[in-house]
Amino acid sequence: MLLIRNGRVLDPATRTDAPRDILLDGETIAEVAETGQLRRDSRDCEIFEARGLIVAPGFIDMHVHLREPGQESSETVETGTRAAARGGFTAVCCMPNTKPVNDNASVTRFILDRAKSGAGVRVWPIGAASVGSKGEAIAEIAAMKEAGIVAVSDDGKPIATAKLTRQVMEYCRSLDIPVIEHSEDVSLAAGAVMREGVTSSRLGLRGMPAAAESVCVARDVQLTELTGARLHVAHLSARASLEQVRWAKQRGLQVTCEVTPHHFTLIDEDVQYDSRYKMNPPLAAREDREALIAGLADGTVDAIATDHAPHEPALKDVEFDRAPFGILGFETAIALSLEQLVHTGRLSLMRMVELFTTGPAYVLGIARKIAAGQPADLTIFSTTRDWTYDVKQSPSKSRNSPFDSRAFKGGPVATIVSGRIIYKV
């Protein structure tokens, strides 16, 4: 048994913001009580002293790349989930763009078997929407759901055509799982490596207009209205895309979205001729960033997700045009959220926690709260701890972060999964 004592519990599901003691018995929460008021005998428990810390439901990262199978030189289920634990995450949803693509039940089972044997946190696979994510034929979605997927996506690119998207949506509606879309009009984005604008011109890099994202979001919102499916827009970065999602919510459509920490922290003006600043969607304009933060505050955005995208140094240490898209995200997510959203007064601490817990849980159709009988998954973090991110200390196999050597105030302190402390500062 494990007793987390004297922590400030923040639980968006129950709107709790108060000092509490939490008793964990094995893999479940046994009791939650006011400080010093536990009914059960806890004299022989292991004690975690949480005074001055925030204790929250286990954080969920619903958009990550673990690279296994097929790209183990960049990341594995083991190394990726160890990095996730250091970032305060208790569960991660891994995208299907592995080699081979997770488009059938055998690959899904392989990922889950690897997670059972070597993962520190819970791993929830996302299956491909189309065979090989090629956009030609619908994948074996029902068989993958039976094997354990929680959603479908062709992430890395959009579902290729409106016709196939409609078919995928209709199928997923019958299975009650969301369609997660990488929104990008490939004809507008072709060959682009950053956001179109003054900075792309100055650097001599081909730019992608914001409309490359918002045009695809508009298509998929219309198809959601047609099919009645659940649509989740991944790594939303453009103001016009956010307006499409807001319009859809006002019409009562089942449309949700996520924003990454790098998109609410950096803008296209920050891009240097350095592949650590290359991601897709690319860093957007200042007005887009402001719109995203407003959407995080007003409830239009449902979740913060990292899009953790590791690439081994040999792949990233090349010319900007040739380097793959993506950056590391796990270990800086909480700190960037505190820095950019909470310490600036733009979001309450409760709202920030909601975006990592009940928000993604709602998208996935699960519960996330601190209560007796619930899984013993908890994230404990500080809002004041001074620390500096050193990417060389990361358990990840990759080093592609623009936030290396950045100093932070606040960040993860401990991660508890199934009643076990799997990471502690």
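Which residues does I141 touch, not counting residues up to four places away in sequence?

1. I141 touches A128, A129, I149, V152, V168, Y171, C172, L175 and I177, with contact taken as heavy atoms within 4.5 Å. Bear in mind that this is a predicted model, where local features need pLDDT of at least 70 and side-chain atom pairs count only at pLDDT 80 or more, while totals for chains, interfaces and linings use all residues. Residues are numbered from 1 along each chain as its sequence is written, and side-chain values use heavy atoms, with hydrogens and water left out.

2. I141 also turns up in the largest nonpolar core (buried Ala, Val, Leu, Ile, Met, Phe, Trp, Tyr and Cys residues joined through side-chain atoms within 4.5 Å; buried means under 20% relative accessible area with a 1.4 Å probe, protein chains only). Of its 69 residues, V92, I141, V152, V168, L296 and F381 touch the most other members. Helix α13 (349-356) gives this core its largest share, six residues. A separate core has 18 residues, including L205, L266, Y389 and F408.

3. On to the pockets (open sets of points on a 1 Å grid over the protein atoms alone, where a 1.4 Å probe fits, with protein on both sides within 12 Å along at least five of seven lines; lining residues have an atom within 4 Å of a point). The largest has a volume of about 430 Å³. It has 21 lining residues, with R67, N97, G156, H311 and F325 closest to its centre.

4. The second largest pocket comes to about 270 Å³. Among its 15 lining residues, A115, K116, V121, R122 and V123 lie nearest the centre. Strand β8 gives the most, four residues.

Technical notes
Points joined across faces, edges and corners; volume = space filled by probe spheres on them. Helix = DSSP H or I, 4+ residues; strand = E, 2+ residues; numbered from the N terminus. Buried < 20%, exposed > 50% of the residue type's maximum accessible area, 1.4 Å probe, protein only.
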